[in-house]
Amino acid sequence: MVSRVIPVAPFDLVVFGATGDLARRKIFPGLFHRFEVGQMPSEARIVGVARSEMDVDAFRNLLRASLLEFADRAQNAEDRVQAFLECVSYVRVDAAGEDGWEALSKHMRKDATRAFYLSVSPSLFGDIADRLSAHGMATSESRIVVEKPFGQDLASARALNATLRRSFSEHQIYRIDHYLGKETVQNLMALRFANSLWEPLWNSTHIDHVQITVSESIGVEGRGAYYDRSGAMRDMVQNHLMQLLCLTAMEPPSKYDPDAVRNEKVKVISALQDVPQEDIVRGQYRETPGQQDSYCDHAENPDSRTESFVAMKVNVGNWRWSGTPFYLRTGKKLRARSSEIAVVFRDPPHMIFPKMEGRRGNALIIRLQPDEGITLRTTIKEPGPGGLRLAEVTLDMTFAEALAGGTDTQDAYERLIMDVIRGDQTLFMRGDEVEAAWSWADPIIAGWEASSRTPEKYDAGGSGPEDALMLLHREGRRWREIG
Ligand code: NAP
């Protein structure tokens, strides 16, 4: 399959927080990759911004080291790395003060598309947006990109939206959820809306339930203080899992257009029913024997009640999905790092073959990581003599194999940054969408805070708390194995 890379027009991209972890691991390596495949024009300019005192050469040296560490294509490509670094400059700006803004303003070209990527703490978003406006940089051709967390609850998300909208209109604000930049997530839309095969089956008549799992094998090491104020519900469910649920459950939009797609997602969130506490399991990983590595060993509060795991049953109250629950599950220190959506179909209404032990039934599994791809579990006759016995097999399509030879695979961040430059908001969250997701999540979190129940402890390296297994078992269903 031949890759089609469409170059974007020259642009000025200002990265606030250019010396930080996200910029060095994802943003700059992603930009380098786009440069390498010919999508980023050499007239593009990238301006790194942070408070650290350094000149452009020192900043380029920092980036060179980051590229060598995090960008595969930078290995043994010193000339190409140097050519990329020629596009990069550095301006020292204090986002919370007055230093550097005039210098930044003078640095910008008048005629190029401008994008401001705020890879800094959300507490600085308002300061930056206001100063960009005050210094005349927030033109009608400007875009502003903000990173999660987008609020801690509905009130703070509303306040953030209001702050950004003082200087930028909604069509200029790009709220990143990097899950939406993943190849498989977009493929979910292609699968659903570019094939006639699935739509007749995509409803509660044919689908028994849906499982959405995002599991991590690592714990909160190094991020304990941040995570302890957030927990799995705010860090993962309200944003990433919610987005996956929306794309699975939404009605076909009338066109592939930012507002048409996002309108349908908002309708799904609005249709979510309240989740009773008995349909939610919260967990917290405990210490591995002999090691001080429990959740609480890394949290600020040694008696923390913050959850590192959540599983829940969610009902979408509309005609398509009534009677088909969506089970969401996410956690840290689980058996493997893996993300998938499993659409599990109902059994045939009348089975003419002998009962098959352990039968799990038809399922379509959309795998986000590792090995992005799609699997269809189907039932066949077990090969060989001895009567007709059934067996389950999977039809597997790993994108890396299916598209081998010339495909330009992109990391989620690089795809999303190029979408910002092109002005395509389809894969970014709209303000009302974020607020709707918080409106749903807030009462759940408030219920936990009002209750004296502590999260159930679970062992590292497993599947999470026992009660999470029971959530499905009690209804005659079972989770797919993690990993
Ligand atoms: P980080 O490593 O702490 O980096 C913060 C950056 O902000 C540094 O470059 C810092 O440089 C700069 N900075 C801090 N205060 C500043 C100020 N007053 N003016 C100008 N620059 C300032 O943070 P990060 O991990 O990269 O995260 C950045 C954002 O992305 C956060 O909102 C985070 O929640 C979000 N995020 C991060 C990840 C990730 O994997 N890291 C994933 C998802 C979302 P100086 O100290 O030199 O000013």
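Which of the 22 residues around the ligand come nearest? I began with this point, working from a predicted model.

**Entry 1: ligand surroundings**

I listed the shell and found Thr19, Asp21, Arg25, Ser52 and Val120 to be the residues that come nearest, out of 22 around the ligand. I then sorted the shell by class and obtained 10 nonpolar, 6 polar and 6 charged residues. I also assigned the shell to secondary structure elements. Helix H1, residues 21-36, supplies the largest share, with 3 residues.

**Entry 2: polar contacts of the ligand**

I looked up the distances from ligand oxygen atoms to polar protein atoms. For threonine 19, a side-chain N or O atom is 2.6 Å from an oxygen atom of the ligand. For lysine 148, a polar backbone atom is 3.2 Å from a ligand oxygen. For glycine 17, the partner is likewise a polar backbone atom, and the computed distance to a ligand oxygen is 3.3 Å. I next checked coverage: on its own the ligand has 890 Å² of accessible area, and the protein covers 72% of that area.

**Entry 3: domains**

I consulted the domain assignment of the chain, which gives domain 1 as 11-147 and domain 2 as 180-410 + 429-473. Taken over C-alpha atoms, the centres of domain 1 and domain 2 are separated by 34 Å.

**Entry 4: the sheet of 6 strands**

In what order do the strands of the open sheet of 6 strands run? I read the order as E3-E2-E1-E4-E5-E6, and the pairing is parallel. At the edges I found strand E3 (88-92) and strand E6 (173-175), each of which pairs on one side only. Direction ignored, neighbouring strands of this sheet are turned by 20° against each other on average.

I then examined one pair within the sheet. Strand E1 (residues 11-16) and strand E4 (residues 113-118) are joined by 6 bridges in the parallel sense. In this pair, phenylalanine 11 stands opposite threonine 113 of E4.

**Entry 5: the sheet of 9 strands**

I recorded a further open sheet, of 9 strands, with mixed pairing and the order E14-E13-E12-E11-E7-E10-E9-E8-E15. Its edge strands are E14 (390-398) and E15 (456-458), each pairing on one side only. From one strand to the next, the twist averages 20°.

At the E15 edge I inspected the pairing with strand E8 (residues 280-285), which is parallel and extends over 3 bridges. Tyrosine 285 has tyrosine 458 in E15 as its bridge partner.

**Entry 6: backbone exceptions**

I searched the backbone for unusual geometry, with this background in mind: most peptide bonds are trans, and most residues other than glycine have a negative phi.

Where is proline 149 found? I located proline 149 in the loop between strand E5 (142-146) and helix H6 (154-165). The bond joining lysine 148 to proline 149 is a cis peptide bond, with omega about 5°. I noted again that lysine 148 also has a polar backbone atom 3.2 Å from an oxygen atom of the ligand.

I found another cis peptide bond between glutamine 369 and proline 370, where omega is about -10°. Proline 370 belongs to the loop between strand E12 (363-369) and strand E13 (373-381). E12 and E13 are both listed in the order of the sheet of 9 strands.

Finally, I checked asparagine 76, a residue other than glycine with a positive phi, near 55°. I placed asparagine 76 in the loop between helix H2 (56-70) and helix H3 (78-85).

Note on methods:
Residues numbered from 1 in each chain as written. Predicted model: local features only at pLDDT ≥ 70, side-chain atom pairs only at ≥ 80, totals over all residues. Heavy atoms only, no water. Near = heavy atom within 4 Å. Polar contact = N/O pair within 3.5 Å; in protein donor to acceptor, adjacent residues only side chain to side chain. Areas by Shrake-Rupley, 256 points an atom, 1.4 Å probe, with all protein chains shown as cover. Helix = DSSP H or I, 4+ residues; strand = E, 2+ residues; numbered from the N terminus. Nonpolar A, V, L, I, M, F, W, Y, C, P; charged D, E, K, R; others polar. Domains from an automatic or database assignment. Pairing = 2+ DSSP bridges. Axes fitted to C-alpha atoms, helices over the stretch in contact; angles between N-to-C directions.
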